[in-house]
Amino acid sequence: MLKTRKPQTRALVLLEEYCTKLRKPEEQQLKTAIQRVMGIFKSNLFEALLGKLLMHKQSIKQIIFAVKFILC
């Protein structure tokens, strides 16, 4: 794995790997939620928000707030 990858790219890789392991019927709700998060990570809006927040050196709490806002 390249060290120059963006953190969200690494997160996507890990989430995709984990998602492939979720096969049981009782795990489908979790799998759906993870796929939703992956979709957000891939969105241009998320990229823009993350770039803007990081550019202004905002705290991780504000990034989490932004993600929660997108999820709602």
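Mentor: Before we start, one term: two residues are in contact when they have heavy atoms within 4.5 Å of each other. Also keep in mind that this is a predicted model.

Trainee: Okay, so how much of the contacts with a separation of 6 or more comes from residues 24 or more positions apart?

Mentor: In this protein, such pairs account for 36% of those contacts.

Trainee: And how many helices and strands are there?

Mentor: There are four helices and zero strands. Going along the sequence, the pattern reads α-α-α-α.

Trainee: Let's zoom in on helix 2. What span should helix 2 have, and how far apart are its end C-alpha atoms?

Mentor: Helix 2 covers residues 28-42, which is 15 residues. At 1.5 Å a residue it should span 21 Å, and the end C-alpha atoms are 21 Å apart, so the two agree.

Trainee: Which residues of helix 2 are buried?

Mentor: Ile34, Met38, Ile40 and Phe41 are buried there. They cover an arc of only 160° around the axis, so they sit on the same side of helix 2.

Trainee: What about the other side of helix 2, buried or exposed?

Mentor: On that other side, Gln29, Arg36 and Lys42 are exposed.

Trainee: Which residues make up the largest nonpolar core?

Mentor: That core has twelve residues: Leu12, Cys19, Leu22, Ile34, Met38, Ile40, Phe41, Phe46, Leu50, Leu53, Ile63 and Ala66. Helix 1 (7-20), helix 2, helix 3 (44-55) and helix 4 each supply at least two of them. The largest share, four residues, comes from helix 2.

Trainee: Why would residues like that group up?

Mentor: It's a general trend: in soluble globular proteins, nonpolar side chains tend to be buried together.

Trainee: You listed Leu22 in that core. What is Leu22 in contact with, leaving aside neighbours within four places in sequence?

Mentor: Leu22 is in contact with Glu27, Gln28, Leu30, Lys31 and Ile34. Ile34 is another member of the core.

Trainee: New topic: where is Gln62?

Mentor: Gln62 lies in helix 4, residues 60-71. Its relative accessible area is 36%, so it counts as partly exposed, because that label covers values between the 20% limit for buried and the 50% limit for exposed.

Trainee: How far is Gln62 from Leu50?

Mentor: Their C-alpha atoms are separated by 9.9 Å, and the two residues are twelve residues apart along the chain.

Trainee: Last one: what share of the whole protein is buried?

Mentor: Buried residues make up 19% of the 72 residues. As for the surface, the protein exposes about 5,900 Å², with carbon and sulfur atoms supplying 63% of it.

Methods. Residues are numbered from 1 along each chain as its sequence is written. This is a predicted model: local features need pLDDT of at least 70, side-chain atom pairs count only at pLDDT 80 or more; totals for chains, interfaces and linings use all residues. Side-chain values use heavy atoms; hydrogens and water are left out. Helices (H or I, at least four residues) and strands (E, at least two) are DSSP runs, numbered from the N terminus. The expected span of a helix is 1.5 Å times one less than its number of residues. Buried means under 20% relative accessible area, exposed over 50%, partly exposed in between (1.4 Å probe, protein chains only). The arc is that of the directions from the helix axis to the C-beta atoms. Accessible areas come from the Shrake-Rupley method with a 1.4 Å probe; for residues, only the protein chains shown count as cover. A nonpolar core is a set of buried Ala, Val, Leu, Ile, Met, Phe, Trp, Tyr and Cys residues joined through side-chain atoms within 4.5 Å.
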